[in-house]
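Trainee: I've got the model open and some time to go through it. Can we talk it over piece by piece?

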Amino acid sequence: MGNKGSQSCYMKNTEKGKKHIGQLAVLLCVLIVLCCFTAQKEGYHMDELLSFELSNAEFNPWIVPTQPTGRLAKFMREEIYGDNLGQTLSNLADTVRDVAANRGNSKLLQYKADVYPEPVWISRQQFHEYLTVNSKDCFNYFSVYFNVKDDNHPPLHFMLLHTMSSMFQGVLAPFMGCFINIVAVLGCCICFFRLGELLEEKTVISEGCGGPLGICAALLYGLSAGAIATTLLIRMYGLLTFFCVALFYLHVKKWLAEGFGRKNKGLAAAAVLGFLTQYFFLFYCFALAAVTAGLLCAKKRYKELKSYLRTMILSAVVGVVVFPFSIQDVLSSGRGEEALQNLSRGFSGYGTRLRAFGTILIKGSFGSLLAGLVILGCLAIGGVCLMIRKRKALKAAEEHKSGRSRKPEGERRSLWLMLLIPSACYFLLAARMSPYLVDRYIMPLFPFAAMLLALVLGKLCRVFGKKGKYLLLVPTGALCILNVCLYDGEYLFRGYNRQLEVAERYGELPCICLYDGTGYYYNLEEFTRYEKTLLLKLPELEQRQNTSDLTSAEQIVVLRKSNVEEAGVLEALKKYGWEVEVVLLGENDSVYEDTLYLCVRKSDR
C-alpha cells in the first residue's frame, strides 16, 4: 500500500512538473516574440509621445509654442528647488505656510508664467526634458498626477511609465513603454493557466484538460496580432487588458471556490486599479458585476451578494477618492462629452461602427480578415457537427443513469454567461462610444476571444478521445504562426530611423516645423536632435513680427507636415529670403508623410 501511495504521489508531482515546464515554455515563447517586435519599433504615434510627456515633463503637461514652461514648472524651478534636499524642503514648507496664511494672495497663486505674443524657439534640451527625466525629477509622482489631471485619462499607466523613465534616466526608447505591455500580456497568460487549472479542479471541464486549455489560450492570445499591437502601442491599453482579464479570473475563482462572502481584497484591488488605468474599464466592470449579481441572486446566495455589492461600491468610492478628477473626465471633459454624444445617437451609423470594430477584432485574433472568416466558417461547421453528435439520446441516458451530478453543467452555463455577456457589452459600448474606429479601444477583447477560441477548439478536439487535448496544440500552433506572419507592422513605424538620421546629420542647424493641429507631437524625438526648433502654423510664419531669428542663420531645416500647403510654405519662406536647396526627405519617404527641406538664404548662393 505504501509503495502504491508513493508511486501515485510521484506520478502527480511528475505531471505537475511537466505542466509547469510547459507553461514556462509558453511564457518564454511569447516573451521572445514580443521582444523581437519591440526591437523593430522605430517611431511613435503622437499619443505615445504624449504618454512620455505627461509622465516625464515636470509640472508641464502640454507643449505650448508660446509658453514653453508652465506656470507651476517655473515656480518649482525658481522658488522651490534648492541646492540640496534640506533647502528644497525648507522652501516647500515656506510655500505651504504662505498659501495657508494668504491663500489667493500667496506667491504661488499669484505667480505668472512666461507667455509670449508669438511662438518662440525651443531648444533640444527642453524637448529632451519634456520626454525624459534626470536625477532631479525622477520618481516625482506628484508631477505625473498634476499633469494627468488635465488629460482625459487616469494616472496609473503614466506613473508606471514614469517609473521606467526614472530607472533609465535621460533615455527615450520603445522598450521602456513596451516592457509594461509585455508584462501585462504575460500576466494575462498566467491568468489563463490558473483559470484552466481551476476549471479542471472544480470538474467544470474534463480531468487533464485544464493545463492544455490554459496553455492554448495563452498561446492564442500571447502570439496574436492583437497582443502584438497591444505590446507595441505605448499607451494604457495593455494594462487595461490585464485588469479586465484579472477581474474575470478572480470572479470565476470566487464563484467556484472561495465565494464572495469574504476575502474580497484582490477583487477590490483589480477593480480600483483597472479604473485608475482607463475609463473604458467601466464598460467591462459594470457588465461583469451585473452578471455576477444576477447569478448570485438566481442561486439564492444572498449573503454573498450583499458582500459582493459592498466590495464593488467600496472599490468605486476608493477609485474616485484617489482620482476625483475622474468625474469631470467622464462627464464633462472633451472626450467624455464626445463619448456621451456618440451614445446619444443611438443606432445612427451604428452598423458601420460595428462592422469596423468587428473587422478589427477578427484581424487581431486571426491575423487577417480573410483568414479569420475562413477559420470561423470551419469552426462553425465543426460546431454544428459536434452538436449533432451530442444529441444522441443514449449518451444522455447513460450519464443520467450513472448518477452524475448536474452541478458542473449548471456551473458551465454560469461561466459561459460571465465570459460572453460582459465581453459583448464591452464590444457594443466601445463600438458606440469610441472617438475613433481603431483597435486600441477593443484591445481588452482579444484575450477573451482567445479564451473562447480555445474552448471551442477544445470541444472539437474531444472527438479524438484522450489524445484530443494534445492534438489541440496543432491548430493552436498553426494559428499562432499565421498571426505572427500576417502582422501588418502597425505601431512599428518602420522607416522613421531615416528621418532621425536626417535630424542627426543636420543637428547643428535650427529647425522650423510647420504644422496644423497638434501634428508636431509625432516629431518630438527629432526635435531633441536639432539645435532648436520653432513650432509654427503657416499664418504664424507669414505674419511673424520678430523676424531677426529668421534672417540670422545661413541654413535652416524646414519640416512641413502633410496637412500644410506646400505652395504657401515656399512662398512664405521666400518672404524671408529663404529658398529650398534640397529636399532632404520626400513625403513618400516619410512614415508620417512629412517633407524635410534644407533651406539657404538667397544672398548666400
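Trainee: Where in the protein is confidence lowest, and where is it highest?

Mentor: This is a predicted model, so pLDDT is a good place to start. The protein averages 89, and 92% of its residues reach 70 or more. The low end is helix H20 (residues 393-401), with a mean of 49, while the high end, at 98, is helix H11 (residues 225-232).

Trainee: Okay, on to charges. How many salt bridges does the structure hold?

Mentor: A pair counts when a Lys or Arg side-chain nitrogen is within 4 Å of an Asp or Glu carboxyl oxygen. Some of these share partners, and in that way Lys253, Lys254 and Glu258 are joined into one network. For the structure, the number is 15.

Trainee: Take the salt bridge of glutamate 48 and lysine 41. Are its two residues buried or exposed?

Mentor: Their side chains meet with N to O at 3.0 Å. The cut-off for buried is under 20% relative accessible area. Glutamate 48 is at 0% and lysine 41 is at 6%, so glutamate 48 is buried and lysine 41 is also buried.

Trainee: Arginine 440 and aspartate 47 form a salt bridge too. How many residues apart in sequence are the parts that this pair ties together?

Mentor: The N to O distance there is 2.8 Å, and both arginine 440 and aspartate 47 are buried. Aspartate 47 belongs to helix H2 (residues 46-56), whereas arginine 440 sits in the loop between helix H21 (407-433) and helix H22 (445-461), so the parts they tie together are apart in sequence by 393 residues.

Trainee: And which residue forms a salt bridge with aspartate 594?

Mentor: Look in the loop between strand E4 (555-560) and helix H29 (566-575), 33 residues away from aspartate 594, which is itself in the loop between strand E5 (578-585) and strand E6 (595-601). Both partners are buried. The closest N and O atoms are 2.8 Å apart, and the partner is lysine 561.

Trainee: Let's do strands. Why is strand E3 (residues 532-536) said to be largely enclosed by the rest of the structure?

Mentor: Check its pairings before the burial. Strand E1 (residues 122-123) pairs with E3 in the antiparallel sense over two bridges, and isoleucine 122 stands opposite threonine 533. Strand E2 (residues 511-514) pairs with E3 in the parallel sense over four bridges, with cysteine 513 partnered by leucine 535. As for E3 being largely enclosed, that is because the buried ones among its five residues number four.

Trainee: Which elements cover the buried residues of H3?

Mentor: Helix H3 spans residues 71-80, and its buried residues are Leu72, Ala73, Lys74, Phe75, Met76 and Ile80. Included in their cover are helix H4 (85-102), helix H5 (107-110) and helix H7 (141-148).

Trainee: What about asparagine 181: which residues is it in contact with, leaving aside neighbours within four places in sequence?

Mentor: Asparagine 181 is in helix H9 (residues 174-201). At 0% relative accessibility, asparagine 181 is buried. Its contacts are Thr230, Thr231, Leu233, Ile234, Arg235, Gly238 and Leu239.

Trainee: Last one, about valine 321. Is it buried or exposed?

Mentor: You'll find valine 321 in helix H15 (residues 302-322). Together with Leu309, Ile313, Leu314, Val317, Val318 and Val322, Val321 makes a nonpolar surface patch of about 610 Å². The cut-off is over 50%, and with a relative accessibility of 60%, valine 321 counts as exposed.

Notes:
Residues numbered from 1 in each chain as written. Predicted model: local features only at pLDDT ≥ 70, side-chain atom pairs only at ≥ 80, totals over all residues. Heavy atoms only, no water. Buried < 20%, exposed > 50% of the residue type's maximum accessible area, 1.4 Å probe, protein only. pLDDT = per-residue confidence, 0-100. Contact = heavy atoms within 4.5 Å. Pairing = 2+ DSSP bridges. Patch = residues over 30% accessible without salt bridge, like charges linked within 9 Å, V, L, I, M, F, W, Y side chains within 5 Å. Areas by Shrake-Rupley, 256 points an atom, 1.4 Å probe, with all protein chains shown as cover.
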